[in-house]
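Open your viewer, get the cartoon on screen and keep the selection box handy. We will go from stop to stop, picking a few residues each time and looking at what surrounds them.

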Amino acid sequence: MLDAANIWELIVRRAEETPDREMAVDPDGQRLRFGDYRNRCEQVAAGLAGQGVGEGDVVSWQLPTWLESMVLMGALRRLGAVQNPILPIYREREVGFVVEQARPKLLIVPSTWRGFDFETMARTLTDGSDTEVLVADRKLPEGDPADLAPAPTDDMRAADAPVRWLYYTSGTTSQPKGARHTDLAIQAAAVGMSEALHLREDDRFALVFPFTHVAGALYVYSALAYGLTFIVDEAFDPSTTIDFLRREQVTLAGAGTFFHQTYLKAQQDLPAGEKLFPRVRTFPGGGAPKPPQLHYDIKAAFDGAGIASGYGLTEAPIITMNDTEDGDDALANTEGRPVRGAVLRLVTIDGEEAGPGEEGEIRVKGPQVTKGYLDPALDRDAFDDGWFRTGDLGRVDAAGRVTITGRLKDVIIRKGENISAKEVEDLLFTHPKVADVAVVGLPDVERGELACAVVVTAEGQDAITFAEMTDHLGAAGLITRKFPERLELVDGLPRNPAGKILKFELQQRFSD
């Protein structure tokens with residue numbers, strides 16, 4: 001399977017090898033087999049070709065995590081289009097920017113979903129442009145595959161392999177940036193994840209995050225390459241999703257800290273001896289660094305099945321990944337070793353090469369790294385002599401494992417001294433009164449910035465006081481000058497669908 005020249009060839013190979021094996025299932029009981037997947041992809045490809053979509057055309061699509069979304073992804077790859085999946089949380093600002101910059105031939109959206117009118121937005125944003133709107137509510141256009149032109153035969157390993165994927169970053173504080181990828185980037189990241197998780201044909205993997213995230217394509221590649229099944233839910237809702245995963249006998253319950261915290265609480269709420277996920281063998285993670293204590297809590301609650309997390313970005317997915325067979329210290333405190341083909345270097349804030357165990361910005365080369373942004377002017381700051389600058393801070397231990405220590409932009413600079421928000425967050429997370437926490441920098445005339453701890457109180461506990469917070473940090477060995485000067489209590493932290501905390505919202509809320 002891994003020898004396939006491109007992703008469409010992989011779809012064909014898997015369909016011929018195991019046509020009756022289950023590829024995916026959704027809450028409505030729809031079950032998609034690998035043979036059916038290929039057939040439906042070709043039918044939809046023919047339907048899209050009838051609307052003028054061909055090789056090299058940009059097609060933007062903003063659909064939920066549906067089986068039809070997986071089919072659309074395969075259909076566009078059959079045509080050799082440049083597909084641009086867009087997160088469903090994006091609205092006029094982001095989608096308008098994408099339409100203006102990428103100039104898609106087609107913009108595919110649902111009519112309405114979760115109370116939002118996507119069709120009206122799409123038609124408004126494309127009015128007067130060459131972009132056509134296709135409304136797809138769980139139904140895609142179909143045609144006769146016999147009418148299709150031959151599938152493109154490009155080899156993703158070739159130096160001139162075409163760009164087939166365009167993913168935009170979140171754009172929470174600036175305009176989104178369009179990262180260009182080839183099939184090779186998708187393969188390299190997917191194989192790196194799959195090897196570390198030791199994926200196998202009897203695995204049933206939770207796919208409960210937005211499918212239009214770059215990880216969606218990685219998951220499809222993994223299903224095709226390793227023959228496993230995905231349990232697909234259109235949006236993560238603890239009141240329904242957990243029962244769905246339980247019913248479908250999930251073995252890998254992803255996909256990040258927020259999800260894992262939710263699974264942990266659900267298990268703790270069950271009567272003693274009752275198992276939430278009887279077959280679960282690991283909890284894959286990513287999207288944001290995890291509190292180390294969470295791994296131990298999950299492992300204790302789920303009979304030894306802990307968290308196996310990885311690290312990557314839209315521009316370079318799955319750079320590192322923990323192996324499920326790693327020891328607890330590695331699983332709790334690191335994001336694993338670089339996957340096959342990825343090479344890292346760390347550069348200090350002063351611009352020097354970081355030594356062993358020294359903090360520095362992570363820079364990476366490898367097949368999963370973007371070919372550059374759609375706006376080439378952005379490449380100058382993004383690359384340093386061919387090394388992609390991640391903007392993330394970390395350390396590498398003697399075994400080559402990476403620990404993320406924060407973001408360059410997430411370092412709080414108080415009176416000229418650097419404070420890692422993540423270091424303080426990890427310590428506060430171990431307090432029994434703290435269910436969730438984010439530490440953010442707020443502007444301050446005297447200090448430049450002050451550190452503010454934003455805390456969600458644990459269920460059944462009184463709210464933590466400022467004195468209890470500082471006493472806990474002191475007892476944990478944190479130096480006094482890193483203590484937060486401010487404590488705010490909230491009911492919940494704002495997160496994107498991938499589980500990452502939206503710190504800019506907290507900064508806007510609590511800045512005076």
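## Two covered helices

Begin by selecting α7, a mostly covered helix in which 13 of its 13 residues are buried. This is a predicted model, so treat the tour as a walk through computed geometry. Helix α7 runs over residues 214-226, and its first and last C-alpha atoms are 19 Å apart, close to the 18 Å expected at 1.5 Å a residue. Step just past its end and you reach G227, which has a positive phi near 75°.

Now pick residues 67-79, helix α3. It has 13 residues that should span 18 Å at 1.5 Å a residue, and the 19 Å between its end C-alpha atoms agrees with that. Helix α3 is mostly covered, with 13 of its 13 residues buried. The residue that follows α3 is G80, and its phi is positive, near 80°.

## A helix to colour by burial

Next, select residues 34-49. This is helix α2, with 16 residues and a reach of 22 Å from first C-alpha to last, close to the 22 Å expected at 1.5 Å a residue. Which residues of α2 are buried? Colour F34, G35, Y37, C41, E42, V44, A45, A46, G47 and L48, and you have them. As you turn the view, keep the general pattern in mind: an α-helix has 3.6 residues a turn, so residues three or four places apart point the same way.

## Zoom out

Show the whole chain for a moment. It has 15 helices and 26 strands. The radius of gyration is 23 Å, close to the 24 Å that the globule rule gives for 512 residues, so the chain is as compact as a globular protein of that length. Along the principal axes, the C-alpha atoms fill a box of roughly 70 × 55 × 45 Å.

Switch on a surface if you like: the chain exposes about 20,900 Å², and carbon and sulfur atoms supply 47% of that area. Buried residues make up 58% of the 512 residues. Among the contacts with a separation of 6 or more, 69% are between residues 24 or more positions apart.

## Aromatic rings

Time for side chains. A pair of aromatic rings is described by the distance of the centres and the angle of the planes. With pairs counted at centres within 6.5 Å, the count comes to 17 aromatic pairs.

Select F116 and F118. Their ring centres are 4.9 Å apart and their planes stand at 85°, so this pair is edge-to-face. Are these two residues buried or exposed? Both F116 and F118 are buried. Add R91 to the selection, and you will find its charged end over the ring of F116, 3.8 Å from the ring centre.

Move on to F236 and Y263, an edge-to-face pair with 6.0 Å from centre to centre and 80° between the planes. F236 lies in the loop between β12 (229-232) and α8 (238-247), while Y263 belongs to helix α9 (residues 257-268), so the pair ties together parts that are 27 residues apart in sequence. Both F236 and Y263 are buried. Widen the selection to F236, F258, F259, Y263, F277, F283 and F302, and you have one aromatic cluster.

For another charge over a ring, centre on W387: the charged end of R345 sits over its ring, 5.6 Å from the centre.

## Backbone oddities

Turn the backbone atoms back on. Most residues other than glycine have a negative phi, and most peptide bonds are trans. Where is a cis peptide bond to be found? Look at G254 and A255, which are joined by one with omega of about 20°. A255 is in the loop between α8 and α9.

Then jump to R138, in the loop between β8 (132-135) and β9 (165-168). R138 is not a glycine, yet its phi is positive, about 60°. With 30% relative accessibility, R138 counts as partly exposed.

H198 also has a positive phi, near 55°. You will find H198 in the loop between α6 (183-197) and β11 (204-207), partly exposed with a relative accessible area of 33%.

## Last stop: T324

Keep H198 visible and add T324, in the loop between β15 (320-321) and α11 (328-333). T324 is partly exposed, at 23% relative accessible area. Leaving aside neighbours within four places in sequence, T324 is in contact with A196, L197, H198, T282, A308 and L331. Draw a distance from T324 to A196: they are 128 residues apart in sequence, but 6.4 Å apart in space, C-alpha to C-alpha.

Note on methods. Residues are numbered from 1 along each chain as its sequence is written. Side-chain values use heavy atoms; hydrogens and water are left out. Rings of Phe, Tyr and Trp (its six-membered ring) pair if their centres lie within 6.5 Å; planes under 30 degrees apart count as stacked, over 60 as edge-to-face and the rest as tilted. Buried means under 20% relative accessible area, exposed over 50%, partly exposed in between (1.4 Å probe, protein chains only). Helices (H or I, at least four residues) and strands (E, at least two) are DSSP runs, numbered from the N terminus. A charge sits over a ring if NZ of Lys or CZ of Arg is within 6 Å of the ring centre and within 35 degrees of the ring normal. The radius of gyration is taken over C-alpha atoms; the globule rule is 2.2 Å times the number of residues to the power 0.38. Contact means heavy atoms within 4.5 Å. Accessible areas come from the Shrake-Rupley method with a 1.4 Å probe; for residues, only the protein chains shown count as cover. The expected span of a helix is 1.5 Å times one less than its number of residues.
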